[in-house]
Amino acid sequence: MKSPLLTVSGLQMRFGGLLAVDGIEFQVNPGEIFAIIGPNGAGKTTVFNCVSGFYRPTAGEIRLDARAITGQPGHRIARAGIVRTFQNIRLFRTMTAVENLLVAQHAQLDTNWFSGLFMLPRFRRAERDALERAAYWLEKVGLREYANREAGNLAYGQQRRLEIARCMITQPRLLLLDEPAAGLNPQETHELDLLIRELRDQHDVAVLLIEHDMSLVMEISDRILVMEYGRPIGIGTPAEVRSNPRVIKAYLGEE
Amino acid sequence: MKSLKTACMAALLTAVLTLPLLGAHLVVNGLSTTLVVNLWPVGIAVLLVFVAQLLDLKARLGAITQALPTVSLSSASFSRHIRLWLAVVLVAALIFPFVASRGAVDVATYALTYVMLGLGLNIVVGFAGLLDLGYVAFYAVGAYSYALLSQYFGLSFWVCLPIGGLFAATFGILLGFPVLRLRGDYLAIVTLGFGEIIRLVLNNWDSLTHGPDGINGIARPTVFGLELNRRASPGGTTLHEFFGIPFDSLYAVIALYLIALLLVILTLFIINRLVRMPVGRAWEALREDEIACRSLGLNPTLIKLSAFALGACFAGLAGAFYASRLGTITPESFTFIESAVVLAIVVLGGMGSQIGVILAALLLTVLPELARSFSEYRMLIFGLVMVLMMIWRPQGLMPATRPRLELPTAEEAHQ
Amino acid sequence: MNDLLPVLAQQVINGLSLGSIYALIAIGYTMVYGIIGMINFAHGEIYMIGAYVGVVTITALGAASGAMPLALVLSGALIIAVVVTAAYGWTVERVAYRPLRGSPRLVPLISAIGMSIFLQNYVQLGQGARDISVPPLLPGNLFEIDVEGFPVSLSLTRALIIFATLALMIALTLYISRSRMGRACRACSQDMGMANLLGIDTNRVISFTFVVGAILAAVGGVLIGLSIGKINPFIGFVAGIKAFTAAVLGGIGSIPGAMLGGVLLGLTETFASAFLPTEYKDVVAFGLLVLILLFRPTGLLGTPDVEKV
């Protein structure tokens, strides 16, 4: 049994009097695709915000490997290897696609001012490598020919893919996708399905995703956590979740 | 006739607004205050507003301003000739002090100080999107660093210049560290508060700064170790003695101009490199979406701090130069108005646009000098310009075009 | 230290009257911020304009009839100052801010800074940059008592400031909580878009907040002129920052907060100037502003807002 990559235990998030998330427990194993589903307002994005360091949970613990990362600032968590996309895509809209990928590599680049000011070979090499990596990822998500286009001018599906590429270029260990299929047509959803599998298989990344598209979730996920009113009501493989009576009643039953 | 009705209403409103302030002038005679009524300004204002409203001048002017071409510095034809253009401008700038009148050189030196301040603040406001209303504080730190180090320790300008820059940058870091996590408008107010605090401290710390009297007799810069004064200081040599030519105070004016030019070129060089470096990209990314930056592992505080400290550093350099040029400084030179003038330069030039900022700095400093009667209305017009620019052309006269790093297309890459 | 008590008592009185002025100005900042989320940087100049219009009116009335009853001169000055200053508040919003609805946050702020510079220099152009002395309309004290051998007094002007502020605050609170316009204001500060959808004329509500802010600032301006005895075109800048400090201290967006913040700041400042060199009085106020924004940006009565990711 491999040790889990991400361990969330007893997670609770309270906003004033509102208990948005309570008693959330799950683990994501290396190489696993793990989905969180639940009706709107169930607290899924709040869990994401806690894991990615945008909220400081009011109780509970989050570990990456064996290291507690609870309540650390977002940029430190990102550097530790957890990066995310956003429900309402957050690209740098006036920067080009390739620049978006360069900014994402900031942590890995030569940011020494001296070598940059005098254009030392070390700096040039770092910049060239960064461009090459950017080209690689643009190719991967099918945006190579849009490299110099402003991100805000890309089509919606392209923006979603660019956002994923921007995450992947930071070489994360855990990728958080917040409703990646929202607004995509069936063809694009299918491509997304393939892309996520490919990332997992070839780039050694575990995926934690929130998604409303049930067919995508059921097909792609290794395990699923179902939430309702901020609490977990079921966890397991797609088959287990599908046959869980509480889940059927609360969520799938309404369809 | 809706427009006629609006125009009449606007004219009436103008009359109400201007009557007590422009129409009735308070005159103090000893202990008593009397009113002198002069309706001319009111009449003119009312007429102006009436006509402007009737012709819908605001919309028309607005349309014209918006229709002004966007000068794109990354356009192909421009970038092809950019080296040529730069060379021409540089040569002209170098020849200028030897052919122009003494007064003109003096004004140009003054303007170059503002170019430097504008470029420095542009990093903070234009690139990093942080509204700093206390920018003048760093200018003051640079000026007082030089003045005090020179007075108390006899350090030379060229030693103090980097020290002044470093001091100002250190101040920027000390101040920036706690405040940079504040939201934009709060940041603006806090920096304003800090700027005022620094000025008040300079004004009241008599034992160190001589309070409101300021510091006099600050040494001029030297040129390769040669002094620019009529008489050499003990152990020093003056320029004219060294070359065996008669003394002319014009030499000092020219030397100061050239030093200012050198500083501006240095500033431009550094900034132009920085915007092509990861930190430059990070500034823009941060301005656009701080949350996305954090999610990718960029530390927003550190990145903002770099912009803040760098901007402060250039203000410090400009301050040290200012002190050495005038030879005397007082806290009164570092009021909020000064920050506002530099901000007006950045806003007019176009936030993030360096050529725009340079032109705006020249425009806003040289114009009041050329037309003396204009200088009375200088700040009035600055204020108006800021409002109108925000309404018509918030991106500035020459909007920023950051050099884009282009990825060659697949075909180009294969060639 | 048997002279400490009278000093304290006198400082409390002075602090209350100064704080009342801050509170009057702070309301303008806080209401505008509560509704459109912008710092109306030019509000300090509005207050300064109120002071000037007040002095012009007092001088005009005094010259016109020599021996007009005092109450008439005073109420005339207040009324005209309020009307003209309200017109300024309305015009400033209409000209410099309304075209910028929906722009990024810093755009209206820069416009406001421009407006502030413009108004300051405009008044300077019309009235000169020098101090203008204000005729002492209300000399004398409301009371003067003896505390352990030292006099403690409340001047008539100061009393007027405190009572006028109190009355205006009560009236404003009632108006905001009872009237139709007050309800619309509260709706807009909750959710401007929704209020608009529900048929509230949001532009009118915004204009209303600027007018109310200007009215209170005008009263403050006229009264401070009487109290200090001189005005100049630069009084708006510092008073503006201090009133903003008061608004932030109380919790920006909160009307009771502005009152509380104003009084607290007034007291802090008078006590500071009683025990520190007076030159550092402004440093104390600015330092307080910086500290609050750093450590408790929601102020005393404000509510924290959660960052939306």
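How many residues of chain C are in contact with chain B, and how many residues of chain B are in contact with chain C? In this predicted model, 52 residues of chain C touch 45 residues of chain B. On the chain C side, the elements that put in two or more residues are helices H2 (43-65), H3 (70-97), H4 (106-127), H9 (235-250) and H11 (281-295), along with strand S1 (132-133). Helix H4 of chain C gives the largest share of that side, with 16 residues. Sorted by class, the chain C side breaks down into 39 nonpolar, ten polar and three charged residues.

Now for chain C itself. Its secondary structure adds up to eleven helices and four strands. The C-alpha trace stretches about 65 × 50 × 40 Å along its principal axes. The radius of gyration of chain C is 20 Å, which agrees with the value near 19 Å that a compact globule of 309 residues would have. Just over the halfway mark, 53% of the 309 residues of chain C count as buried. As for how the chain C contacts are spread along the sequence, take those with a separation of 6 or more: 76% of them link residues 24 or more positions apart.

An unreviewed UniProt entry lists "transmembrane region" for chain C at residues 20-39, 46-64, 70-92, 104-123, 156-176, 205-228 and 283-303. Two of these spans can be checked against the model. Residues 104-123 of chain C come out as 90% helix and 0% strand, with 30 Å between the end C-alpha atoms. Residues 205-228 of chain C are 100% helix and 0% strand, and their end C-alpha atoms sit 34 Å apart.

Chain B gets a similar treatment. Its domain assignment gives domain 1 (2-49) and domain 2 (77-392), and the C-alpha centres of these two domains of chain B are 40 Å apart. For chain B, UniProt (again an unreviewed entry) puts the "transmembrane region" feature at residues 39-57, 82-101, 130-149, 155-177, 250-271, 302-322, 342-367 and 379-395. Among them, residues 302-322 of chain B are 100% helix and 0% strand, with the end C-alpha atoms 30 Å apart. Residues 342-367 of chain B, by contrast, are 85% helix and 0% strand, and their end C-alpha atoms lie 15 Å apart.

Methods: Residues numbered from 1 in each chain as written. Chains lettered and ligands numbered in written order. Predicted model: local features only at pLDDT ≥ 70, side-chain atom pairs only at ≥ 80, totals over all residues. Domains from an automatic or database assignment. Rg over C-alpha atoms; globule rule 2.2 N^0.38 Å. Buried ≥ 20, exposed ≤ 12 C-beta atoms within 10 Å, placed from the backbone. Contact = placed C-beta atoms within 7 Å. UniProt positions renumbered as here; feature names shortened; annotations may be inferred. Nonpolar A, V, L, I, M, F, W, Y, C, P; charged D, E, K, R; others polar.
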